[in-house]
Amino acid sequence: MKFGHSFCMVLCGFLFLGLTGVFSKTVLRQEEFLVLKKNILIQVFFLSVLSLVSFIAFGGEIIIGVAILWLVGALAGGVTSVQVLSLKLRLT
């Protein structure tokens, strides 16, 4: 919260989907991970929306402005983590 509530929400979404992307690398085979990379924007977007819906289903109160900030961070984190991990795949 030192940098403000908006930055905190973007960073929270970034870490949430970024770590999910890292976890997917350990669970998926290389071929499956490359398919994920091929359709990255669609898959990360729907995973982000599914996460927000899950938060609501478990009783979380979602404010539209905060949800949009979280969604922006989640999209950036998910795409960034998959792109970085796919670069690592090409190097090995």
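Val 72 is partly exposed, with a relative accessible area of 48%, where partly exposed covers the range between buried (under 20%) and exposed (over 50%), computed with a 1.4 Å probe on protein chains only. Its place is in helix H4, helices being DSSP runs of H or I with at least four residues, strands being runs of E with at least two, and both being numbered from the N terminus. The C-alpha atoms of Val 72 and Leu 52 are 12 Å apart, with the two positions 20 residues apart along the chain. The model is predicted, so local features need pLDDT of at least 70 and side-chain atom pairs count only at pLDDT 80 or more, whereas totals for chains, interfaces and linings use all residues. Residues are numbered from 1 along each chain as its sequence is written, and side-chain values use heavy atoms, with hydrogens and water left out.

Turning to the overall fold, the protein chain comprises 4 helices and 0 strands, in the order α-α-α-α from the N terminus on. Its C-alpha trace spans about 40 × 30 × 20 Å along the principal axes. Of its 92 residues, 27% count as buried. Among contacts (heavy atoms within 4.5 Å) with a separation of 6 or more, 77% join residues 24 or more positions apart.

Helix H1 takes in residues 5-27, and its 23 residues reach 33 Å from the first C-alpha to the last, close to the 33 Å expected; the expected span is 1.5 Å times one less than the number of residues. Buried positions of H1 are Met 9, Gly 13, Leu 17, Gly 18, Gly 21 and Ser 24. Leu 11, also in H1, is partly exposed, with a relative accessible area of 38%. The C-alpha atoms of Leu 11 and Ala 74 are separated by 8.2 Å, although these positions lie 63 residues apart along the chain.

The interior comes next. The largest nonpolar core, meaning a set of buried Ala, Val, Leu, Ile, Met, Phe, Trp, Tyr and Cys residues joined through side-chain atoms within 4.5 Å, has 7 residues: Met 9, Leu 17, Leu 52, Ala 67, Trp 70, Leu 71 and Ala 74. H1 and H4 are the elements that give two or more residues to this core, and H4 gives the most, with 4 residues. A second, separate core of 6 residues includes Ile 40, Val 44, Val 82 and Leu 85. In soluble globular proteins, nonpolar side chains tend to be buried together. Leaving aside neighbours within four places in sequence, Leu 71 is in contact with Phe 45, Ser 48, Val 49 and Leu 52. Ser 48 belongs to helix H3 (residues 40-57) and counts as buried because its relative accessibility is 0%. With residues up to four places away not counted, Ser 48 touches Leu 17, Trp 70, Leu 71, Ala 74 and Leu 75.Finally, the largest pocket has a volume of about 150 Å³. On a 1 Å grid over the protein atoms alone, a pocket is an open set of points where a 1.4 Å probe fits, with protein on both sides within 12 Å along at least five of seven lines, and lining residues have an atom within 4 Å of a point. Grid points are joined across faces, edges and corners, and the volume is the space filled by probe spheres set on the points. The lining consists of Met 9, Leu 52, Phe 55, Gly 60, Glu 61, Ile 62, Ile 63, Val 66, Ala 67 and Trp 70. H3 and helix H4 (64-91) each give two or more residues to this lining, with the largest share, 3 residues, coming from H4. By class, the lining has 8 nonpolar, 1 polar and 1 charged residues, where Ala, Val, Leu, Ile, Met, Phe, Trp, Tyr, Cys and Pro count as nonpolar, Asp, Glu, Lys and Arg as charged, and the others, Gly among them, as polar.
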